[in-house]
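This report concerns the nonpolar cores of one structure and the packing of two of its helices. Please look over the sequence and the structure before reading on.

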Amino acid sequence: MLEQPERRPSRRDEAQSKDTRKVTIAASVACANFLRLEDDLRALEAAGVEYLHIDIMDGQFVPNFSLNTDIMKAARQVTALPMDVHLMVERPERYIEPFVSAGGSIIVVHQECVTHLQRTLAEIRRHGAQAGVALNPATPLQTIEYVIEDVDFLLLMTVNPGFYGQKLVPSALRKIADARALCERHGRDIPICVDGNVSLENAPKMVAAGADFLVGGTSSIFMRGGTIAEGARRLREVIGQPAR
Ligand code: DX5
Ligand code: ZN
(Lines give C-alpha, C1' and ligand atoms only; values in the text may rest on other atoms or scores of the structure.)
(Ligands and ions follow the chains in the order given, each with its own letter.)
Protein backbone atom coordinates (compact mmCIF):
# COMPACT_ATOMS: atom_id res chain seq x y z
CA MET A 1 0.00 0.00 0.00
CA LEU A 2 1.34 3.43 -0.94
CA GLU A 3 2.70 5.39 1.98
CA GLN A 4 0.25 8.15 2.82
CA PRO A 5 2.13 11.43 2.22
CA GLU A 6 2.53 13.48 5.39
CA ARG A 7 -0.71 15.49 5.58
CA ARG A 8 0.22 19.17 5.46
CA PRO A 9 -2.21 21.21 7.57
CA SER A 10 -4.74 22.74 5.21
CA ARG A 11 -5.08 26.48 5.01
CA ARG A 12 -8.30 25.98 6.99
CA ASP A 13 -6.37 24.16 9.72
CA GLU A 14 -3.84 26.97 9.73
CA ALA A 15 -6.62 29.57 9.85
CA GLN A 16 -8.30 27.55 12.61
CA SER A 17 -5.04 27.26 14.58
CA LYS A 18 -4.46 31.00 14.18
CA ASP A 19 -8.05 31.61 15.40
CA THR A 20 -7.54 29.37 18.41
CA ARG A 21 -4.13 30.88 19.19
CA LYS A 22 -4.32 31.82 22.89
CA VAL A 23 -4.26 35.59 23.20
CA THR A 24 -2.57 37.23 26.19
CA ILE A 25 -4.11 40.41 27.56
CA ALA A 26 -1.82 43.05 29.06
CA ALA A 27 -2.82 46.40 30.55
CA SER A 28 -0.94 49.62 29.83
CA VAL A 29 -0.36 50.85 33.40
CA ALA A 30 0.42 54.34 32.09
CA CYS A 31 -3.35 54.58 31.39
CA ALA A 32 -4.35 53.73 34.99
CA ASN A 33 -5.75 56.22 37.46
CA PHE A 34 -2.65 57.21 39.45
CA LEU A 35 -4.83 58.60 42.24
CA ARG A 36 -6.09 55.03 42.77
CA LEU A 37 -3.23 52.98 41.41
CA GLU A 38 -3.47 50.23 44.03
CA ASP A 39 -7.21 49.78 43.38
CA ASP A 40 -6.61 49.69 39.62
CA LEU A 41 -3.83 47.11 39.94
CA ARG A 42 -6.02 44.86 42.09
CA ALA A 43 -8.91 45.35 39.63
CA LEU A 44 -6.65 44.37 36.71
CA GLU A 45 -5.64 41.16 38.45
CA ALA A 46 -9.24 40.38 39.41
CA ALA A 47 -10.31 40.99 35.80
CA GLY A 48 -7.92 38.31 34.58
CA VAL A 49 -5.41 40.64 32.91
CA GLU A 50 -2.23 38.59 32.54
CA TYR A 51 0.58 41.18 32.19
CA LEU A 52 1.29 44.71 33.34
CA HIS A 53 2.63 46.69 30.39
CA ILE A 54 5.09 49.24 31.78
CA ASP A 55 5.78 52.20 29.50
CA ILE A 56 9.12 53.91 30.13
CA MET A 57 9.80 57.16 28.25
CA ASP A 58 12.92 59.38 28.32
CA GLY A 59 11.73 62.61 26.70
CA GLN A 60 14.34 61.96 23.97
CA PHE A 61 13.17 59.04 21.86
CA VAL A 62 9.60 60.16 22.56
CA PRO A 63 8.54 63.67 23.66
CA ASN A 64 7.06 62.45 26.96
CA PHE A 65 7.78 60.83 30.32
CA SER A 66 5.74 58.13 32.06
CA LEU A 67 6.53 55.34 34.52
CA ASN A 68 9.72 54.22 36.27
CA THR A 69 11.25 51.52 38.47
CA ASP A 70 9.69 53.00 41.63
CA ILE A 71 6.20 52.43 40.21
CA MET A 72 7.18 48.87 39.28
CA LYS A 73 8.44 48.15 42.81
CA ALA A 74 5.26 49.65 44.30
CA ALA A 75 3.12 47.55 41.93
CA ARG A 76 5.04 44.43 42.99
CA GLN A 77 3.81 45.03 46.57
CA VAL A 78 0.16 44.56 45.52
CA THR A 79 0.29 42.13 42.60
CA ALA A 80 2.40 39.29 41.34
CA LEU A 81 1.36 39.91 37.72
CA PRO A 82 4.38 39.70 35.41
CA MET A 83 5.55 42.92 33.79
CA ASP A 84 6.59 43.57 30.22
CA VAL A 85 8.72 46.72 30.17
CA HIS A 86 8.44 48.85 27.05
CA LEU A 87 11.62 50.96 26.93
CA MET A 88 10.95 53.98 24.74
CA VAL A 89 14.42 55.30 25.57
CA GLU A 90 17.61 56.03 23.67
CA ARG A 91 20.48 53.52 24.28
CA PRO A 92 18.29 51.22 26.44
CA GLU A 93 21.20 48.79 26.97
CA ARG A 94 22.19 51.09 29.85
CA TYR A 95 19.02 50.17 31.77
CA ILE A 96 18.55 46.40 31.43
CA GLU A 97 19.73 45.61 34.95
CA PRO A 98 17.56 48.14 36.85
CA PHE A 99 14.38 47.16 35.01
CA VAL A 100 15.00 43.45 35.50
CA SER A 101 15.75 44.08 39.20
CA ALA A 102 12.52 46.09 39.50
CA GLY A 103 10.58 43.04 38.30
CA GLY A 104 10.54 43.19 34.50
CA SER A 105 10.24 39.70 33.01
CA ILE A 106 10.12 40.87 29.39
CA ILE A 107 12.41 43.79 28.50
CA VAL A 108 11.49 45.41 25.18
CA VAL A 109 13.93 47.73 23.41
CA HIS A 110 13.15 49.81 20.34
CA GLN A 111 15.13 48.74 17.29
CA GLU A 112 15.38 52.43 16.41
CA CYS A 113 17.31 53.18 19.63
CA VAL A 114 19.91 50.41 19.59
CA THR A 115 23.19 50.41 17.66
CA HIS A 116 24.08 46.78 18.48
CA LEU A 117 20.71 45.00 18.62
CA GLN A 118 21.95 41.42 18.66
CA ARG A 119 24.29 42.14 21.59
CA THR A 120 21.54 43.98 23.49
CA LEU A 121 19.01 41.16 23.04
CA ALA A 122 21.62 38.64 24.22
CA GLU A 123 22.36 40.88 27.21
CA ILE A 124 18.66 40.94 28.20
CA ARG A 125 18.59 37.14 28.11
CA ARG A 126 21.82 37.04 30.11
CA HIS A 127 20.00 39.01 32.82
CA GLY A 128 17.33 36.28 32.90
CA ALA A 129 14.56 38.21 31.15
CA GLN A 130 12.86 37.57 27.82
CA ALA A 131 14.36 39.66 25.02
CA GLY A 132 11.79 41.87 23.31
CA VAL A 133 12.14 44.22 20.37
CA ALA A 134 9.69 46.97 19.42
CA LEU A 135 9.24 48.50 15.98
CA ASN A 136 7.70 51.88 15.21
CA PRO A 137 5.01 51.86 12.52
CA ALA A 138 7.44 52.91 9.76
CA THR A 139 10.30 50.59 10.75
CA PRO A 140 10.62 47.62 8.37
CA LEU A 141 10.40 44.07 9.71
CA GLN A 142 13.58 43.34 7.76
CA THR A 143 15.53 45.24 10.44
CA ILE A 144 15.07 42.30 12.80
CA GLU A 145 15.22 39.43 10.29
CA TYR A 146 18.86 38.59 11.09
CA VAL A 147 18.27 38.60 14.86
CA ILE A 148 14.95 36.74 14.82
CA GLU A 149 16.65 33.88 16.70
CA ASP A 150 17.55 36.30 19.50
CA VAL A 151 14.00 37.66 19.83
CA ASP A 152 11.59 36.19 22.40
CA PHE A 153 8.90 38.87 22.01
CA LEU A 154 8.01 41.17 19.10
CA LEU A 155 6.14 44.40 19.87
CA LEU A 156 4.60 46.23 16.92
CA MET A 157 3.65 49.84 17.66
CA THR A 158 0.19 50.30 16.17
CA VAL A 159 0.34 54.03 16.97
CA ASN A 160 3.32 56.38 17.12
CA PRO A 161 4.96 55.90 20.53
CA GLY A 162 4.82 58.41 23.36
CA PHE A 163 1.16 58.97 24.17
CA TYR A 164 -2.02 57.06 24.89
CA GLY A 165 -5.37 57.80 23.24
CA GLN A 166 -4.01 57.92 19.68
CA LYS A 167 -5.54 56.37 16.54
CA LEU A 168 -4.32 53.18 14.84
CA VAL A 169 -1.82 53.66 12.01
CA PRO A 170 -3.72 51.88 9.16
CA SER A 171 -0.72 49.98 7.74
CA ALA A 172 -0.26 48.29 11.13
CA LEU A 173 -2.72 45.49 10.34
CA ARG A 174 -0.78 44.51 7.22
CA LYS A 175 2.45 44.67 9.22
CA ILE A 176 1.06 42.28 11.85
CA ALA A 177 0.31 39.70 9.14
CA ASP A 178 3.76 40.22 7.60
CA ALA A 179 5.36 39.81 11.04
CA ARG A 180 3.51 36.54 11.67
CA ALA A 181 4.61 35.31 8.24
CA LEU A 182 8.23 36.32 8.98
CA CYS A 183 8.18 34.41 12.28
CA GLU A 184 6.63 31.34 10.65
CA ARG A 185 9.21 31.46 7.82
CA HIS A 186 11.94 31.29 10.44
CA GLY A 187 10.14 28.72 12.60
CA ARG A 188 9.89 31.22 15.43
CA ASP A 189 6.64 30.88 17.40
CA ILE A 190 7.03 34.08 19.40
CA PRO A 191 4.33 36.40 20.77
CA ILE A 192 3.41 39.26 18.47
CA CYS A 193 2.37 42.13 20.71
CA VAL A 194 0.33 45.08 19.49
CA ASP A 195 0.52 48.31 21.45
CA GLY A 196 -1.65 51.37 20.80
CA ASN A 197 -5.38 51.87 20.13
CA VAL A 198 -6.14 48.22 20.84
CA SER A 199 -9.82 49.09 20.78
CA LEU A 200 -12.89 46.84 20.81
CA GLU A 201 -13.11 47.50 17.08
CA ASN A 202 -9.42 47.03 16.22
CA ALA A 203 -8.61 44.08 18.49
CA PRO A 204 -10.42 41.39 16.44
CA LYS A 205 -8.69 42.60 13.25
CA MET A 206 -5.30 42.58 15.02
CA VAL A 207 -5.84 39.02 16.28
CA ALA A 208 -7.10 37.85 12.88
CA ALA A 209 -3.90 39.30 11.35
CA GLY A 210 -1.78 37.27 13.79
CA ALA A 211 -1.34 39.28 16.99
CA ASP A 212 -1.54 37.24 20.21
CA PHE A 213 -0.47 39.71 22.89
CA LEU A 214 -2.73 42.75 23.23
CA VAL A 215 -1.85 45.85 25.24
CA GLY A 216 -5.15 47.29 26.41
CA GLY A 217 -5.19 51.01 27.18
CA THR A 218 -7.67 53.88 26.97
CA SER A 219 -9.65 52.37 24.11
CA SER A 220 -10.46 49.11 25.90
CA ILE A 221 -9.44 48.21 29.46
CA PHE A 222 -9.25 51.80 30.73
CA MET A 223 -12.12 53.08 28.60
CA ARG A 224 -13.55 56.31 30.00
CA GLY A 225 -16.92 55.81 31.74
CA GLY A 226 -16.44 52.07 32.20
CA THR A 227 -14.81 49.82 34.78
CA ILE A 228 -11.61 47.84 34.34
CA ALA A 229 -13.56 44.61 34.76
CA GLU A 230 -15.98 45.57 31.98
CA GLY A 231 -13.21 46.76 29.68
CA ALA A 232 -11.18 43.56 30.11
CA ARG A 233 -14.28 41.39 29.70
CA ARG A 234 -15.39 43.17 26.53
CA LEU A 235 -11.89 43.00 25.07
CA ARG A 236 -11.83 39.23 25.58
CA GLU A 237 -15.34 38.91 24.16
CA VAL A 238 -14.61 40.78 20.91
CA ILE A 239 -11.64 38.52 20.20
CA GLY A 240 -13.74 35.45 20.89
CA GLN A 241 -11.82 34.38 23.98
CA PRO A 242 -14.15 35.23 26.89
CA ALA A 243 -12.70 34.63 30.32
CA ARG A 244 -13.48 31.09 31.45
C1 DX5 B 1 2.24 54.45 23.74
C2 DX5 B 1 2.31 53.27 24.71
C3 DX5 B 1 1.02 52.49 24.77
C4 DX5 B 1 -0.19 53.35 25.14
C5 DX5 B 1 -1.45 52.56 24.93
O6 DX5 B 1 3.55 54.94 23.54
O7 DX5 B 1 3.34 52.40 24.34
O8 DX5 B 1 1.17 51.42 25.71
O9 DX5 B 1 -0.09 53.76 26.50
O10 DX5 B 1 -2.54 53.43 25.13
P11 DX5 B 1 -3.79 53.39 24.13
O12 DX5 B 1 -4.33 51.99 24.21
O13 DX5 B 1 -4.74 54.40 24.67
O14 DX5 B 1 -3.27 53.70 22.77
ZN1 ZN C 1 3.76 50.60 25.38
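The basis of the model comes first, followed by the cores and the helices.

## Basis

This is a predicted model, in which local features need pLDDT of at least 70 and side-chain atom pairs count only at pLDDT 80 or more, while totals for chains, interfaces and linings use all residues. Residues are numbered from 1 along each chain as its sequence is written, chains are lettered from A and ligands numbered from 1 in the order in which they are written, and side-chain values use heavy atoms, with hydrogens and water left out.

## Nonpolar cores

The largest nonpolar core (buried Ala, Val, Leu, Ile, Met, Phe, Trp, Tyr and Cys residues joined through side-chain atoms within 4.5 Å; buried means under 20% relative accessible area with a 1.4 Å probe, protein chains only) has 66 residues, and those touching the most other members are Leu-44, Leu-52, Ile-54, Ile-144, Leu-154, Leu-214 and Ile-221. Helix H6 (residues 172-185; helices are DSSP runs of H or I, at least four residues, numbered from the N terminus) gives the most to this core, with five residues. Apart from it lies another core of twelve residues, including Met-157 and Cys-193.

## Helix H7 and its packing

In helix H7 (residues 202-209), Asn-202, Ala-203, Met-206, Val-207 and Ala-209 are buried. These residues lie on the same side of H7, because they cover an arc of only 160° around the axis, taken from the directions from the helix axis to the C-beta atoms.

H6 and H7 pack at an angle of about 25°, with their axes 8 Å apart; the axes are lines fitted to C-alpha atoms over the stretch in contact, and angles run from 0 to 180 degrees between N-to-C directions. The two helices, H6 and H7, are therefore roughly parallel to each other, a term for angles under 35 degrees.

Conventions
Buried means under 20% relative accessible area, exposed over 50%, partly exposed in between (1.4 Å probe, protein chains only). Angles under 35 degrees count as roughly parallel, over 145 as roughly antiparallel, 65 to 115 as roughly perpendicular and the rest as oblique.
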